[in-house]
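Okay, thanks everyone, I'll keep this one short. Let me put the sequence and the structure up, and then we'll walk through it together.

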Amino acid sequence: ADEDECSCSVVESSVAPVSPQDFIISTIKSEGEEATMRSSADVEDFFLEHSEEQMESYGVLSQAVRSRNLPLLRKMHQDGVSMRCSNRFGESLIHMACR
């Protein structure tokens, strides 16, 4: 065979693309759970109120997350720093870490 020829084959998938929302719903239902969709405006207490303390701890904790300082995060958790924190927009550490 020539060096320029490729003996690679393309494998085509017979699975149709699924939206993330449909994937999550089907996964929940496959576990025997109910999965219904509702508007967040229709869910009581969907948006949690955040306190000054939560916003203050967000600043310190977010710096540790950004720098990937897991030992510091563990130490702060052991010292009683609440991991339930948010910025002034209500975004949690998970929001920030996912960026």
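So let's start with Ser 57, which counts as buried because its relative accessibility is 13%. And before I go any further: what you're looking at is a predicted model. Ser 57 sits in helix H2, which covers residues 52–66. If you skip anything up to four places away in sequence, Ser 57 touches Val 81, Ser 82 and Cys 85.

Stay on H2 for a second, since Gln 54 is there too. Buried or exposed, that Gln 54? Buried, at 14% relative accessibility. Leaving out neighbours within four places in sequence, Gln 54 is in contact with Glu 49, Arg 84, Cys 85 and Ser 86. So Cys 85 turns up in the contacts of Ser 57 and again in those of Gln 54.

Okay, zooming out. The protein has 4 helices and 0 strands, and along the sequence that reads α-α-α-α. There are 99 residues, and buried ones make up 16% of them. The accessible surface is about 8,900 Å², with 52% of that belonging to carbon and sulfur atoms. For the contact people: take pairs at least 6 apart in sequence, and 52% of those contacts join residues at least 24 apart.

How confident is the predictor? The mean pLDDT of the protein is 82, with 84% of the residues reaching 70 or more. Among the elements, H3 has the highest mean at 93, and H4 the lowest at 81.

Now, the inside. In soluble globular proteins, nonpolar side chains tend to be buried together. Which residues make up the largest nonpolar core here? There are 9: Tyr 58, Leu 61, Ala 64, Val 65, Leu 73, Met 76, Cys 85, Leu 93 and Met 96. Helix H2, helix H3 (70–78) and helix H4 (93–98) each put in at least two of those residues. The largest share, 4 residues, comes from H2.

If you want one core residue to click on, try Leu 61. Setting aside neighbours within four places in sequence, Leu 61 is in contact with Leu 73, Met 76, Val 81, Ser 82, Met 83, Cys 85 and Leu 93. Leu 73, Met 76, Cys 85 and Leu 93 from that list are also members of the core.

Let's go out to the surface. There's a nonpolar patch of about 380 Å² made by Val 18, Phe 23, Ile 24 and Ile 28. Phe 23 belongs to helix H1, residues 20–30. Phe 23 is exposed, with a relative accessible area of 52%, just past the 50% cut-off.

How many salt bridges does the count give? Just 1. That's Lys 75 with Asp 79, side chain to side chain, 2.8 Å from N to O. As for where the partners stand, Lys 75 is partly exposed at 44% relative accessible area, while Asp 79 is exposed at 51%.

A few arginines to finish. Arg 68 is in the loop between H2 and H3, and Arg 68 has a positive phi of about 55° even though it isn't a glycine. With a relative accessible area of 75%, Arg 68 is exposed.

Next, Arg 66, which is in helix H2. Arg 66 counts as exposed at 55% relative accessibility. Arg 66 and Met 96 are 30 residues apart in sequence, and their C-alphas are 8.3 Å apart in space. Met 96, remember, is one of the core residues.

And then Arg 88, in the loop between H3 and H4. Arg 88 is exposed too, with a relative accessible area of 64%. What is Arg 88 in contact with, leaving aside its neighbours within four places in sequence? His 50 and Met 55. Arg 88 is also 30 residues from Tyr 58 in sequence, with 9.4 Å between the two C-alphas. Tyr 58 is another member of that core.

So, to wrap up: we have a predicted model with four helices in a row along the sequence, a 9-residue nonpolar core that takes its largest share from H2, and 1 salt bridge. Okay, that's me done, over to you.

Note on methods. Residues are numbered from 1 along each chain as its sequence is written. This is a predicted model: local features need pLDDT of at least 70, side-chain atom pairs count only at pLDDT 80 or more; totals for chains, interfaces and linings use all residues. Side-chain values use heavy atoms; hydrogens and water are left out. Buried means under 20% relative accessible area, exposed over 50%, partly exposed in between (1.4 Å probe, protein chains only). Helices (H or I, at least four residues) and strands (E, at least two) are DSSP runs, numbered from the N terminus. Contact means heavy atoms within 4.5 Å. Accessible areas come from the Shrake-Rupley method with a 1.4 Å probe; for residues, only the protein chains shown count as cover. A nonpolar core is a set of buried Ala, Val, Leu, Ile, Met, Phe, Trp, Tyr and Cys residues joined through side-chain atoms within 4.5 Å. pLDDT is the predictor's confidence in each residue, from 0 to 100. Patches are made of residues with over 30% relative accessible area and no salt bridge: like charges are joined within 9 Å, nonpolar side chains (Val, Leu, Ile, Met, Phe, Trp, Tyr) within 5 Å.
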